[in-house]
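User: I should like to learn how to read the packing of helices and strands in a model. Could we work through one case together, feature by feature?

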Amino acid sequence: ASEALSFELFDTPYSIRELEHSEQYLEYGQDREIEALAKEISQSAENTWDAIRLVYEYLKYGEYSYSLKPGIAKDGRQLHHFLFNSKKGYCTYYAFAMCLMLRSLGIPSRVAVGFVIDPKSNTLSYYPVRADMAHAWVEVWFPSYGWIEYDPTSQTLAANEEFNFSSGVDPRLLSQLMEEILSNRENLEARWDEEELVAQDFFHK
């Protein structure tokens with residue numbers, strides 16, 4: 001992904017001619033309800049950047065809240081349930097909602113997934129990565145700048161919900177372990193027992 005200042009993106013004439021295979025980043029299943037919502041949200045936009053901003057802020061700062069219990073859609077249309085009914089969900093709901101709304105406006109977008117690392121969690125320049133750090137966000141195409149990141153996930157917690165994420169390894173213990181490993185790197189050697197060697201041989205056939 002690329003980085004740019006807001007005023008640079010605002011003043012950039014928008015075109016998708018630079019983007020190869022742009023049609024795949026504009027596919028939204030021809031969902032008329034999502035398209036109608038996107039057009040309603042962005043009707044006051046002055047340009048493409050403004051339309052993106054309006055959709056982003058609608059999800060990030062509007063009536064939506066973060067929840068690990070978004071509920072199940074009776075008709076199977078889970079994203080519609082999130083957008084029009086429950087208005088609560090976790091990061092993937094927000095990312096796919098923004099991506100499809102922007103695509104319906106003719107703005108190439110894609111969903112990105114990865115992990116959010118707490119910069120304060122480093123131990124000897126190593127960072128723990130746990131399953132609860134997984135995250136999804138949106139990347140939007142801008143000519144001359146490439147893919148620009150947007151994270152539309154609401155920071156407002158849904159009512160009556162609590163989160164008890166794992167605290168991970170004790171930082172002091174982790175530091176001791178890392179120091180021991182790093183100070184003995186020259187002495188490390190691979191060791192295999194007979195069963196491991198048989199398994200390795202099997203999986204490489």
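User: Which residues of α2 meet α5, and what is their character by class?

Analyst: This is a predicted model. I34, E35, L37, A38 and I41 in α2 meet L100, M101 and S104 in α5. By class, this contact has six nonpolar, one polar and one charged residues. In general, an α-helix has 3.6 residues a turn, so residues three or four places apart point the same way. On the α2 side, I34, L37 and A38 are among the residues in the contact.

User: How do the axes of α2 and α5 lie with respect to each other?

Analyst: One reads the distance of the axes first and the angle second. The axes of α2 (residues 32-41) and α5 come within 8 Å and cross at roughly 80 degrees. Angles from 65 to 115 degrees count as roughly perpendicular, and α2 and α5 are therefore roughly perpendicular to each other.

User: At what angle do α3 and α5 cross, and with which handedness?

Analyst: Here α3 (residues 48-61) and α5 (residues 91-104) have axes that come within 10 Å, with a crossing angle of roughly 150 degrees. An angle over 145 degrees counts as roughly antiparallel, and this description therefore applies to α3 and α5. The crossing of α3 past α5 is right-handed.

User: Which residues form the contact of α3 with α5?

Analyst: From α3 come I52, V55, Y56 and L59, and they meet Y94, A97, M98, M101 and L102 in α5. By class, this contact has nine nonpolar, no polar and no charged residues. M101 belongs to the contact with α3, and M101 also belongs to the contact with α2.

User: In what order do the strands of the open sheet lie, and which are the edge strands?

Analyst: The open sheet has three strands in the order β3-β4-β5, with antiparallel pairing. Its edge strands are β3 (109-115) and β5, each of which pairs on one side only. Direction ignored, neighbouring strands of this sheet are turned by 40 degrees against each other on average.

User: How many bridges join β4 to each of its partners?

Analyst: Seven bridges join β3 to β4, and five bridges join β4 (residues 134-142) to β5. V138 serves as a useful landmark for following the pairing. V111 stands opposite V138 in β4, and Y150 in β5 is the bridge partner of V138.

User: Which strands of the sheet does α5 touch?

Analyst: The helix α5 packs on the sheet and touches β3, β4 and β5. The direction of α5 makes about 15 degrees with that of β4.

User: What lies between β4 and β5?

Analyst: The two strands form a hairpin with three residues between them. In the turn, S144 has a positive phi of about 75 degrees.

User: Is β5 enclosed or open to its surroundings, and is I148 buried or exposed?

Analyst: For a single residue, a relative accessible area under 20% counts as buried. I148, which is in β5 (residues 146-150), has a relative accessible area of 6% and is buried. Four of the five residues of β5 are buried, so β5 is largely enclosed by the rest of the structure. The C-alpha atoms of I148 and S109 are separated by 9.3 Å, although these residues are 39 residues apart along the chain.

User: Where do K87 and N160 lie, and what is the sign of phi in each?

Analyst: As a general guide, most residues other than glycine have a negative phi. K87, in the loop between α4 (78-86) and β2 (88-89), has a positive phi of about 55 degrees although it is not a glycine. N160 lies in the loop between β5 and α6 (171-183) and has a positive phi of about 65 degrees. N160 is exposed, with a relative accessible area of 83%.

User: Which residues of α4 are buried, and what covers them?

Analyst: The buried residues of α4 are L79, H80, H81, F82 and L83. Their cover includes α2, α3, β2 and α5.

User: How many helices and strands does the chain have, and what percentage of its residues count as buried?

Analyst: The chain has seven helices and five strands. Of its 205 residues, 37% count as buried. Among contacts in the chain with a separation of 6 or more, 64% are between residues 24 or more positions apart.

Note on methods. Residues are numbered from 1 along each chain as its sequence is written. This is a predicted model: local features need pLDDT of at least 70, side-chain atom pairs count only at pLDDT 80 or more; totals for chains, interfaces and linings use all residues. Side-chain values use heavy atoms; hydrogens and water are left out. Axes are lines fitted to C-alpha atoms, for helices over the stretch in contact, and angles run from 0 to 180 degrees between N-to-C directions. Angles under 35 degrees count as roughly parallel, over 145 as roughly antiparallel, 65 to 115 as roughly perpendicular and the rest as oblique. A crossing is left-handed if the near helix is turned anticlockwise from the far one by less than a right angle, and right-handed if clockwise. Contact means heavy atoms within 4.5 Å. Ala, Val, Leu, Ile, Met, Phe, Trp, Tyr, Cys and Pro count as nonpolar, Asp, Glu, Lys and Arg as charged, and the others, Gly among them, as polar. Buried means under 20% relative accessible area, exposed over 50%, partly exposed in between (1.4 Å probe, protein chains only). Two strands pair if DSSP finds at least two bridges between them.
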